[in-house]
Amino acid sequence: MANSLPNFASSGCCVLLLLVSIFIQGGVQGSIGVNYGTVANDLPPPTHVAHFLLESTIINRVRLFDANPDILQAFAQTGIAVTITVPNDQIPHLTKLSFAQQWLKSNVQPYVQATNIVRILIGNEVLSTTNKLFIAGLVPAMQTLHAALVDASLDRKIKVSTPHSLGILSSSSPPSSGKFRQGYDVHVLKPLLSFLKATNSPFMVNPYPYFGFSADTLDYALFRPNSGVFDDKTKLLYTNMLDAQLDAVFSAMKLLGFVDLEIVIAETGWPSECDPAQVGVDPQSAADYNGNLIRHVTSGNGTPLMPNRTFETYIFALFNENLKPGPTCERNFGLFRPDMTPVYNVGILRHTASSSTPLNPGPVPVPGLAPASPSPPHGEKLWCLPKRRADAEALQRNIDYVCGLGLNCGPIKQGGPCFMPNTVRAHAAYAMNRYFQAMGRNGYDCEFEGTGATTAVDPSYGKCKY
């Protein structure tokens with residue numbers, strides 16, 4: 001999942017990933033992380049979040065999906081390791097050394113003495129954007145930023161990487177057949193992997209069993225007891241979907257000659273609430289996935305193709321975020337409510353780190369978010385919203401098309417009730433739905449070249465009415 005500004009890859013802008021705990025297994029260090037998103041109007045100030053993480057949880061690392069100065073200042077003197085991100089649209093500029101040096105001077109060097117900045121990510125799920133300019137510039141931008149870090153004598157302290165969706169794979173089942181998409185494999189990923197190996201940086205991926213499970217494979221996705229999936233080629237049995245996804249990535253890396261590079265799970269999670277028709281989504285399932293995930297990736301057991309390993313892992317997300325457009329589940333990936341009480345417990349609070357507390361069985365009202373309208377009988381009322389993986393460039397084209405037709409786009413202009421959050425995805429959600437409603441709510445009116453999907457849940461919030 002990623003931000004909508006400038007590139008929304010599923011989950012809203014200004015996202016942090018927080019490393020939740022450190023486990024030592026056989027001398028190998030494994031870390032657990034959680035995304036902290038800020039697409040909401042009811043979240044506590046960054047200083048409160050920093051103190052909460054430091055004093056009340058076992059979290060000792062945090063990742064931002066930008067370089068927000070308020071958040072960087074909030075984490076000063078905490079010792080919490082911070083990862084920051086260069087937005088996708090800055091990648092072409094970052095290929096120039098002078099720009100990279102200035103970016104460091106503006107976004108890193110003023111804070112690095114007090115704030116423990118340890119990693120910079122160049123974009124998020126860049127290959128999935130299909131933006132040729134971003135993709136062509138990705139590896140050069142990483143190399144240039146590293147050169148700027150060398151010039152500033154920060155290269156040993158701060159590493160450079162970039163996260164990928166599993167869309168980089170052309171084959172993933174069985175796991176031993178995993179390979180990267182043709183064209184990207186040799187021309188982008190091989191030089192990227194070479195750079196990561198040379199700089200001792202990890203290869204980062206965003207695996208989501210949640211988006212790959214069916215009713216029949218729910219236990220397999222949640223790490224619950226199941227019959228498993230057998231890989232005929234390797235004769236290995238997989239008892240959970242995450243291992244299969246990771247081994248597919250490993251197999252693809254192996255084809256390019258990279259078997260000893262660290263793999264980091266940059267993003268994964270499970271929502272606690274979704275639309276009524278969605279199976280396997282409730283607080284208990286979310287607790288099962290994230291709790292089992294933490295135990296598994298830090299156990300030292302590894303995967304069938306990567307035994308005896310731990311994985312630095314980032315859970316999505318820290319908070320439920322009430323302004324995220326899309327299905328209900330998009331607003332309910334959080335481990336905590338905005339008042340910092342747990343939605344369910346996975347053992348990251350200091351005073352309950354090894355305990356189990358009752359789960360909240362129902363939804364919690366969120367101040368500032370208009371309640372979703374109930375679905376009418378026979379599904380007469382539908383809304384059109386961007387698909388989760390739709391890239392920002394395509395969504396901007398949708399906005400331009402709809403507003404260019406003369407339909408009323410005033411609400412998403414500055415000062416309008418739907419202007420905030422000021423992101424491409426949020427504005428596209430309003431524009432696409434405006435067109436869908438005006439055209440008569442036919443399924444094909446929400447196609448938008450494969451970037452739109454209908455929902456029976458009203459996405460209206462506050463004064464913004466869809």
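Is C329 buried or exposed? Hold on to that one for a moment, everybody, and hello. What you have in front of you is a predicted model, and I'd like to walk you through its cysteines. The answer to my opening question is that C329 counts as buried, with a relative accessibility of 5%.

Now, who sits beside C329? The nearest cysteine sulfur belongs to C274, 3.1 Å away, and C329 is in no disulfide. Seen from the other side, the sulfur of C274 has C329 as its closest cysteine sulfur, but 3.1 Å is too far for a bond. The cut-off used here is 2.5 Å, so a pair has to lie within that distance to be called a disulfide. C274 counts as buried too, at 15% relative accessibility.

Let's turn to the cysteines that do pair up. How many disulfides does the structure hold? There are three. Counting the bonded cysteines along the chain, the pattern reads 1-5, 2-3, 4-6. Let me take them one by one.

We'll start with C384 and C446. Their sulfur atoms are 2.0 Å apart, and they form a disulfide. The link is right-handed, with 85° about the S-S bond. C384 belongs to strand β15, residues 383-386, while C446 is in the loop between α11 and β16, so this pair ties together parts that are 62 residues apart in sequence. And how covered are the two ends? C384 is buried, with a relative accessible area of 0%, and C446 counts as buried at 2%.

Next come C403 and C409. This disulfide also has its sulfur atoms 2.0 Å apart, but the link is left-handed, with -100° about the S-S bond. Which of these two cysteines is partly exposed? That's C403, at 28% relative accessibility. Its partner C409 counts as buried, at 6%.

The last pair is C418 and C464, a disulfide with sulfur atoms 1.9 Å apart. Here the turn about the S-S bond is 105°, and the link is right-handed. C418 sits in the loop between α10, residues 392-404, and α11, whereas C464 is in the segment after β16, so the bond ties together parts that are 46 residues apart in sequence. Both C418 and C464 are buried.

You'll have noticed that α11 keeps coming up, so let's give it a minute. The helix α11 has 15 residues. From its first C-alpha to its last, α11 reaches 21 Å, close to the 21 Å expected at 1.5 Å a residue. If you look for α11 on the surface, you'll find it mostly covered, since 13 of its 15 residues are buried. Just past the end of α11, have a look at G440, where phi is positive, at about 105°.

Finally, let's step back to the nonpolar cores. Which residues have the most contacts inside the largest core? They are I120, I122 and F203, and that core has 103 residues. There is also a second, separate core of 26 residues. Among its members are A390, Y435, F436 and Y461. Y435 and F436 bring us back to α11, which runs over residues 424-438.

To leave you with the picture: three disulfides, and then C274 and C329, with sulfurs 3.1 Å apart and no bond between them. Thanks for listening, and please do spin the model around yourselves!

Key: Residues are numbered from 1 along each chain as its sequence is written. This is a predicted model: local features need pLDDT of at least 70, side-chain atom pairs count only at pLDDT 80 or more; totals for chains, interfaces and linings use all residues. Side-chain values use heavy atoms; hydrogens and water are left out. Helices (H or I, at least four residues) and strands (E, at least two) are DSSP runs, numbered from the N terminus. Buried means under 20% relative accessible area, exposed over 50%, partly exposed in between (1.4 Å probe, protein chains only). A nonpolar core is a set of buried Ala, Val, Leu, Ile, Met, Phe, Trp, Tyr and Cys residues joined through side-chain atoms within 4.5 Å. The expected span of a helix is 1.5 Å times one less than its number of residues.
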